[in-house]
Number of protein chains: 2
Amino acid sequence: MMNAMLVCADCAVRDKALCGALSDGELAALNRIGRRRHLRRGETLIWAGEDNAVCANLLSGVMKLTAGTADGREQIVGLVYPADFVGRPWPGEAGVTVTALSDVELCTFPRAAFEAVLEDHVRMERLLLQRTFAALDEARNRMLALGRLSAGEKVAAFLLAMADRGSGCRATGFGPVTFDLPLTRGEMAEILGLTIETVSRQLGRLKAAGTIALPGARGVTIRDRAALEAAAGN
Amino acid sequence: MMNAMLVCADCAVRDKALCGALSDGELAALNRIGRRRHLRRGETLIWAGEDNAVCANLLSGVMKLTAGTADGREQIVGLVYPADFVGRPWPGEAGVTVTALSDVELCTFPRAAFEAVLEDHVRMERLLLQRTFAALDEARNRMLALGRLSAGEKVAAFLLAMADRGSGCRATGFGPVTFDLPLTRGEMAEILGLTIETVSRQLGRLKAAGTIALPGARGVTIRDRAALEAAAGN
DNA sequence: TTCGCGCCTTGACCGCGATCAAAAAGCCGG
DNA sequence: CCGGCTTTTTGATCGCGGTCAAGGCGCGAA
């Protein structure tokens, strides 16, 4: 119990992650099998093709999910934020590689032990199902973007999504909003199905139009949200 | 009970669909709320943006899931085969439109009633979770294809996937395999993020190379599977 | 400070796939 | 068998985004 207090009840994502399904008492079980783990930017937690071995909740930082072709082309197929779940219960091989985009902190569980907890807590399994539905919706939205949007639309839509995600859903706002991208230009390109040069040029175009500003390599300021939405095709 | 025998125990997808989680006896409950429904090619079961109202198992035929931009561009984000589940439990609005690609037969459930069945049958909820994971993997694979494959690779990979899906996983075979596509060229284009003309040209190229034959508008014969796999980039 | 190393930007050019246009092939009800 | 429709194929051209190649900028270490 004391342990649970220290490690779980105190957790930054206690109520947002799947664990929100559990009472403080029940957390003791999870706590016994969970292990905190840190990864540096660029380190990989799960490799596509290897057998599922761990599940985890992300506590801090951002990670990416990537799929790749035989000849080395890569596509980012999802981003993972704090309180999100990664990995899969039940045997099988991982379909995607999970890599840290920044230094990250994780709460990891051996797969089999995590399954046992799921077994005993139907409410947690339900939360996992609901999250998986949400992930599927997001993936399908991204398929629409990859297949049908122009480069300019992709970049504009991506900036809007990052602004809303990164800074907690401020209302369709007025005035400049500034935030930092957790991604390099190359990673933006990997998400959007473009090249690094095209991403850079589209950002340059938005900047030249006064729609955004680019303070430092990672910063973005949205100066005219309406224009950005128009560029995204809404 | 007699009803269940007639409608469920007898069902073409009895053991493959989610209902496989239920005993013959338990099927009675489902049977009471389920309703058979037919749709003609082109008719729509669920519209994106409307509230979830029905869930269903597909009994026969093929359906498509589509997402669209504000200005009318469309992308097929998934295909639905017999025994697959469509719709979502729990309130919310549908993210995709579900439309029949051929005449189809469905077993539909009012959403709330379906939730109640899920509630009582944890094993069924687990099957749904596992299917949703599979759908997510498939969506992510398609994201890789949309973002990183050339037109030729997309078409070749698509034909291989259809061959394996349509005719039950024959071993990486020898000799010609023939099957019918459940899709028009336009629908293939919507799946692959291409135009109708490009799809037609890529098929023409494969035909000219002797890799495939195109008997009739819908038929495809794979004459040289190894060459097709090479064209798909494996 | 200067060097070196990532990462980003910018420019020039090219090719793939979209677009526009028209002919050919199925398909169905007379 | 024909006429009218849809779907597919084929052709000609264009432009977006990829590719190749420099150059700039920021940052940490020597």
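1. Let's start with the surface near DNA strand C in this predicted model. Four elements each supply at least two residues to that surface: helix 6 and helix 7 of chain A, plus helix 5 (151–166) and helix 7 (196–208) of chain B. Helix 7 of chain A gives the most, with six residues. So if you are browsing the structure, both protein chains deserve a look here, since the list of elements draws on chain A and chain B.

2. Which residues come nearest to DNA strand C? Of the 20 residues around this strand, they are R185(A), S200(A) and G204(A) from chain A, with S150(B) and T198(B) from chain B. By class, the surface near DNA strand C divides into seven nonpolar, nine polar and four charged residues.

3. Now turn to DNA strand D, which is surrounded by 18 residues. The closest are S150(A) and T198(A) on chain A, and R185(B), S200(B) and G204(B) on chain B. Two or more residues of this surface come from each of helix 5 (151–166) and helix 7 of chain A, and from each of helix 6 (185–192) and helix 7 of chain B. Helix 7 of chain B provides the largest share, six residues. The surface near DNA strand D is made up of six nonpolar, eight polar and four charged residues.

4. It is worth seeing how two of these helices sit against each other in chain A. Helix 6 (residues 185–192) and helix 7 (residues 196–208) of chain A pack with their axes 8 Å apart, at an angle of about 100 degrees. Helix 6 of chain A is therefore roughly perpendicular to helix 7 of chain A. On the helix 6 side the contact involves R185(A), G186(A), M188(A), A189(A) and L192(A); these meet I196(A), V199(A) and S200(A) of helix 7. The contact has five nonpolar, two polar and one charged residues. Two names may look familiar: R185(A) and S200(A) take part in this helix contact, and R185(A) and S200(A) are also among the residues that come nearest to DNA strand C.

5. What about the meeting of the two protein chains? Here 34 residues of chain B are in contact with 34 residues of chain A. On the chain B side, strand 5 (74–80) and helix 4 (122–148) are the elements that give two or more residues. Helix 4 of chain B brings the largest share, 20 residues. The side of chain B that touches chain A has 15 nonpolar, 10 polar and nine charged residues.

6. How are the two copies related? Chain B can be laid on chain A by a turn of 180 degrees and a shift of 0.0 Å along the axis, with an RMSD of 0.0 Å. The two copies are thus related as by a two-fold rotation axis. In addition, 100% of the interface residues of chain B are also interface residues in chain A, so the copies meet through the same surface.

7. One last detail to check on your screen is the backbone at A83. A83(A) has a positive phi of about 85 degrees although it is not a glycine. Most residues other than glycine have a negative phi. A83(A) is found in the loop between strand 5 (74–80) and strand 6 (85–86) of chain A. Is A83(A) buried or exposed? A83(A) is buried, with 20 other C-beta atoms within 10 Å. In chain B, phi of A83(B) is near 85 degrees, again positive in a residue other than glycine. A83(B) lies in the loop between strand 5 and strand 6 (85–86) of chain B, and A83(B) is buried, with 20 other C-beta atoms within 10 Å.

Note on methods. Residues are numbered from 1 along each chain as its sequence is written. Chains are lettered from A and ligands numbered from 1 in the order in which they are written. This is a predicted model: local features need pLDDT of at least 70, side-chain atom pairs count only at pLDDT 80 or more; totals for chains, interfaces and linings use all residues. Axes are lines fitted to C-alpha atoms, for helices over the stretch in contact, and angles run from 0 to 180 degrees between N-to-C directions. Angles under 35 degrees count as roughly parallel, over 145 as roughly antiparallel, 65 to 115 as roughly perpendicular and the rest as oblique. Two residues are in contact if their C-beta atoms, placed from the backbone, lie within 7 Å. Ala, Val, Leu, Ile, Met, Phe, Trp, Tyr, Cys and Pro count as nonpolar, Asp, Glu, Lys and Arg as charged, and the others, Gly among them, as polar. A residue is near a molecule or strand if its C-beta atom, placed from the backbone, lies within 6 Å of it. Copies are superposed by least squares on the C-alpha atoms of residues with pLDDT of at least 70 in both. A residue is buried if 20 or more other C-beta atoms lie within 10 Å of its own, exposed if 12 or fewer, and partly exposed in between; C-beta atoms are placed from the backbone.
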